[in-house]
Amino acid sequence: METKEHYAIIVMLLLQALIILGLVTCHDILIFYNATNIFSKIEEPTSNVALVEICNVQKFLRQEMQNSNEFVRNMVVKMQAKFNKYWSEIEDSTLLFVIGTVLDLRYKLMFVTYAFMELYGHETSLYITRIKQALYDLFDAYSCQLASSRTNE
């Protein structure tokens, strides 16, 4: 039976081979390593920093689309397709990451706007409107709950 450890070893060997062949650099791999660490932590809440790593991965993929090595470009095209599968539109799960980022004192909505310009380009304003509405809805729900709990006291 194959385990996560087996997959991790296989991935590590593949990445080492790509570095040796000069197809990727340690810096390139560090981008994915950091993103993987953020998403795979179980004991720590990570939604507030996930968007930062998502943007780092997207920025890397866009840069590598211009790579002179055809093998790397072909690999990046496949990686971009997988990335788009999960991050091309705002789903409810994506919205949770975004709300966590907005509520983080270090980032706020200004960072989300910047990040979405990196991710979505011209569609950013539509997504920001949806995010703001979700935040207003969250505030309204909290306000109603708070008012209700005060009347019950």
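**Entry 1: the charged pair**

I started with Asp104 and Arg106, whose side chains meet in a salt bridge at 2.8 Å, N to O. This is a predicted model, so I read the contact as a feature of the prediction. I then looked up how many salt bridges the structure holds, and the count is one. How covered are the two partners? Asp104 counts as buried, at 9% relative accessibility, while Arg106 counts as exposed, at 57%. I noted that the pair joins a buried residue to an exposed one.

**Entry 2: an unusual backbone angle**

Next I went to Lys108. I found a positive phi of about 65° there, although Lys108 is not a glycine. I flagged the angle because most residues other than glycine have a negative phi. Where does Lys108 lie? I placed Lys108 in helix α6, which covers residues 108-120. For its surroundings I wrote down 37% relative accessibility, so Lys108 counts as partly exposed.

**Entry 3: the overall fold**

I stepped back to the whole chain. I counted seven helices and zero strands, and reading from the N terminus I wrote the order as α-α-α-α-α-α-α. The chain has 153 residues, and 32% of them are buried. I also looked at contacts with a separation of 6 or more: residues 24 or more positions apart account for 57% of these. For the surface, I noted about 10,900 Å² exposed by the protein chain, with carbon and sulfur atoms supplying 62% of that area.

**Entry 4: helix α3**

I picked α3 for a closer look. Helix α3 runs over residues 47-64 and has 18 residues. From its first C-alpha to its last I get 26 Å, close to the 26 Å expected at 1.5 Å a residue. Which residues of α3 are buried? My list reads Val49, Ala50, Leu51, Val52, Glu53, Ile54, Cys55, Val57, Gln58, Phe60, Leu61 and Glu64. I underlined Glu53, Gln58 and Glu64, which are among the buried residues of this helix.

**Entry 5: cysteines**

Cys55 from that list made me check for disulfides. How many disulfides are there? The count comes to zero, with a pair of sulfur atoms needing to be within 2.5 Å to qualify. I compared cover at two cysteines anyway. Cys55 has a relative accessible area of 8% and is therefore buried. Cys144, at 55% relative accessibility, counts as exposed.

**Entry 6: to keep in view**

I close with three items for my own page: the salt bridge between Asp104 and Arg106, the positive phi at Lys108, and the run of helices with zero strands.

Methods: Residues numbered from 1 in each chain as written. Predicted model: local features only at pLDDT ≥ 70, side-chain atom pairs only at ≥ 80, totals over all residues. Heavy atoms only, no water. Helix = DSSP H or I, 4+ residues; strand = E, 2+ residues; numbered from the N terminus. Buried < 20%, exposed > 50% of the residue type's maximum accessible area, 1.4 Å probe, protein only. Contact = heavy atoms within 4.5 Å. Areas by Shrake-Rupley, 256 points an atom, 1.4 Å probe, with all protein chains shown as cover. Expected span 1.5 Å × (residues − 1). Salt bridge = Lys/Arg side-chain N within 4 Å of Asp/Glu carboxyl O.
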